[in-house]
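This report describes the architecture, interior, charged residues and surface of one protein chain. The structure is shown below.

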Amino acid sequence: MLGLFKNLVRRHEIDCEGVRELSSDYLEQDLPTAKRSTIQSHLSKCGPCQAFVDTLASTISILANLPRVSPPASFKRSILARAKQDKGQNSS
């Protein structure tokens, strides 16, 4: 019952854990307007969360600008063989 009360009181708030969980969706603008506003409000008051979201945005940007590299054909075969080997060891 206490949890329900907390949810009603905090309906328009979000904690640091919630910001971390939704930060990718926030950056991709894939959240409802109300949730996005709630996160923006939290970020305006929470330096650590703002730093987390800024770092995540920078990381995404850097990764997006890296050249695409195709793995060698033997890589897929190697991974599949290893997975099959691991599966055989775990089923014993």
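What share of the contacts in the protein with a separation of 6 or more is accounted for by residues 24 or more positions apart? In this predicted model, such residues account for 58% of those contacts.

## Overall architecture

The protein contains five helices and zero strands. Along the sequence, the pattern reads α-α-α-α-α.

Of the 92 residues in the protein, 16% are buried. The accessible surface comes to about 7,700 Å², and carbon and sulfur atoms contribute 56% of it.

## Nonpolar core

The largest nonpolar core has 10 residues in all: Ile14, Val19, Leu22, Tyr26, Leu31, Ile39, Leu43, Cys46, Cys49 and Val53. At least two residues of this core are supplied by each of α2 (16-27), α3 (33-45) and α4. The largest share, three residues, is that of α2.

Leucine 31 is one member of this core. Leaving aside residues up to four places away in sequence, leucine 31 touches Leu22, Asp25, Tyr26, Arg36 and Ile39. Among these partners, Leu22, Tyr26 and Ile39 also belong to the core.

## A buried arginine

Arginine 36 is located in helix α3. When residues up to four places away in sequence are not counted, arginine 36 touches Tyr26, Gln29 and Leu31. Two of these residues, Tyr26 and Leu31, are part of the largest nonpolar core.

Although arginine 36 is buried, it has no salt bridge. The nearest side chain of opposite charge is that of aspartate 30, at a distance of 9.6 Å. A salt bridge requires a side-chain nitrogen of Lys or Arg within 4 Å of a carboxyl oxygen of Asp or Glu.

## The salt bridge in helix α5

By this rule, the count for the model is one salt bridge. The side chains of arginine 82 and aspartate 86 form a salt bridge, with an N to O distance of 3.3 Å. Both residues lie in helix α5 (residues 73-90), where they are four residues apart, about one turn of the helix.

Is aspartate 86 buried or partly exposed? Aspartate 86 is partly exposed, because its relative accessible area is 28%.

## Nonpolar surface patch

Ile62, Leu63 and Leu66 together make a nonpolar surface patch of about 310 Å². Within this patch, leucine 63 belongs to helix α4 (residues 47-64). Leucine 63 counts as exposed because its relative accessibility is 54%, and the cut-off for exposed residues is over 50%. Helix α4 thus carries a residue of this patch and also supplies at least two residues of the largest nonpolar core.

Terms used
Residues numbered from 1 in each chain as written. Predicted model: local features only at pLDDT ≥ 70, side-chain atom pairs only at ≥ 80, totals over all residues. Heavy atoms only, no water. Patch = residues over 30% accessible without salt bridge, like charges linked within 9 Å, V, L, I, M, F, W, Y side chains within 5 Å. Areas by Shrake-Rupley, 256 points an atom, 1.4 Å probe, with all protein chains shown as cover. Buried < 20%, exposed > 50% of the residue type's maximum accessible area, 1.4 Å probe, protein only. Core = buried A, V, L, I, M, F, W, Y, C linked by side-chain atoms within 4.5 Å. Contact = heavy atoms within 4.5 Å. Lys, Arg positive; Asp, Glu negative; His and termini not counted.
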